[in-house]
Structure formats: structure tokens, C-alpha cells
Number of protein chains: 2
Amino acid sequence: MEIPCPMRIATETMGGRWRPGILWRLMDGPMRYGELRRGMPWISEKILIRHLRDLEAAGLILRTDHGTQPPQVDYRLTEAGQTLGPVLTAMAAWGAGRSAAGAERLGA
Amino acid sequence: MEIPCPMRIATETMGGRWRPGILWRLMDGPMRYGELRRGMPWISEKILIRHLRDLEAAGLILRTDHGTQPPQVDYRLTEAGQTLGPVLTAMAAWGAGRSAAGAERLGA
């Protein structure tokens, strides 16, 4: 059995342009759809909903409908999703370092 | 000055579907274009060349033309690129764990 490339598995499951940002925000605990939407205004509604559905299908997040009126739906990391903690923390730390270095270059 | 989202900076610089795989392979040292191409046959030539150019423009990799005939060109991580080590290692480890868990489920 040919061993699949681990990096390809990672990028196809949690990678891409928007999924790391969604997963990273859910590290702080369950979030309602509206909160996620406001936290990532650069993602269109259609794209956000698609990624949430894919992440749920991949078993990384759980969608809970609280059955209330008006409807209350939230998303949270599953146990499998929480194993991404070290990756997401390392990515955000790298991005913050990159931003600081960039700000320095711009004399901010 | 509004603080940009660190995760967005990370995903827009080193994220996406193919860049982590390119960067991860260059962690072992300089590679020639042909080696990179053979190591990631699932990426088209056109896409690989575009990502290599973008990663070079982002200062994460360095392209060296050794000025020989036939032409010899290789790519290596820059110092900035090497700071991605912890992120890439964590991603690959997560992907390997996911693959093993998947293999177990399939009874491989």
C-alpha cells in the first residue's frame, strides 16, 4: 500500500486559504455562525458555509442546532479538530512574526 | 493601525493547497526543479512554476541558476523560509497521524 504524502493529507483536510482561520477561531470554544462570519468578513457567506460543511464532513468540527426559535446554531472543534492545536498555534505565531517584521520594514 | 489577522497572513503567504508541500520538501536542502516536479506529480507544471515564483517573491525561497549548459537551477529555503520549520513539521506530523488513523479505520 503506497504511503500517501502526509503534507498532502494535511493541506487537503485543514489547509487552503480559509480553513486554518476558521479552525483557529474555534480553538477558543464554540462559536455561532454570525460570530464566525463577523470575525472573517473577507470570506463570502457561500464560501464560509461550504468550508464549514467540509470541515464537519472531515470530522474536525461539530455543528449543533439548539432547536430554539429564533434558530441557534453553533460550531465547535471535535476531538480530532483539537489535535490541530499545535499546527494552528504555530501558523498564527508565524503570521504574527511576519506581520511584526513587515511593520518594522514599513517603519510602523 | 489595524492589526492584520496573523492567521490570514500565514495562509496567504505559505498556505494554500500546494505551498506547504513545496516548502516542506525544501526543508531537506536545495532541490532542482525536476526533483520537485517528480516529488509532487499531482501539481501541474504551470501551477508549480507559479507557486515557486510567488514563494520567491515572498522571500521564502531562493532560486539559483548555476549558469551551466545544460541549465542547472535549484531552489532552497531562505532564512525567512526556514522559520517555517515548526509549522511544516507540525502539519506533516498531523497529516501522518491522520493517515495512520484512516488506515486503521480501513483495516490496512
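Accessible areas here come from the Shrake-Rupley method with a 1.4 Å probe; for residues, only the protein chains shown count as cover. On that basis chain A exposes about 6100 Å². Carbon and sulfur atoms supply 55% of this area.

This is a predicted model, in which local features need pLDDT of at least 70, side-chain atom pairs count only at pLDDT 80 or more, and totals for chains, interfaces and linings use all residues. Residues are numbered from 1 along each chain as its sequence is written, chains are lettered from A and ligands numbered from 1 in the order in which they are written, and side-chain values use heavy atoms, with hydrogens and water left out.

Start with the fold of chain A. Chain A has six helices and three strands. Helices (H or I, at least four residues) and strands (E, at least two) are DSSP runs, numbered from the N terminus. Their order along the sequence is α-α-β-α-α-β-β-α-α. The C-alpha atoms fit a box of roughly 50 × 50 × 25 Å along the principal axes. Of the 108 residues in chain A, 42% are buried (under 20% relative accessible area, with exposed over 50% and partly exposed in between; 1.4 Å probe, protein chains only). Contact means heavy atoms within 4.5 Å. Among contacts in chain A with a separation of 6 or more, 46% join residues 24 or more positions apart.

Now turn to the interface. Chain A and chain B each bring 37 residues to the contact. Together they bury about 3100 Å², 76% of it on carbon and sulfur atoms. Buried area is the accessible area (1.4 Å probe) that two parts lose on being put together, summed over both. Met7(A), Met91(A) and Trp94(A) supply 23% of the area that chain A buries against chain B, more than any other three residues.

Polar links cross the interface too. There are two salt bridges between the chains, each a side-chain nitrogen of Lys or Arg within 4 Å of a carboxyl oxygen of Asp or Glu. One of them pairs Arg17(A) with Glu12(B), with the closest N and O atoms 3.2 Å apart. On the chain A side, α1 (6–14), α2 (19–26) and α6 (85–105) each supply at least two residues that touch chain B. The largest share comes from α6(A), with eleven residues.

Finally, look at Glu45(B). This residue lies in helix α4 (residues 45–57) of chain B. Glu45(B) counts as partly exposed because its relative accessibility is 42%. Beyond its neighbours within four places in sequence, Glu45(B) contacts Tyr33(B) and Arg37(B).
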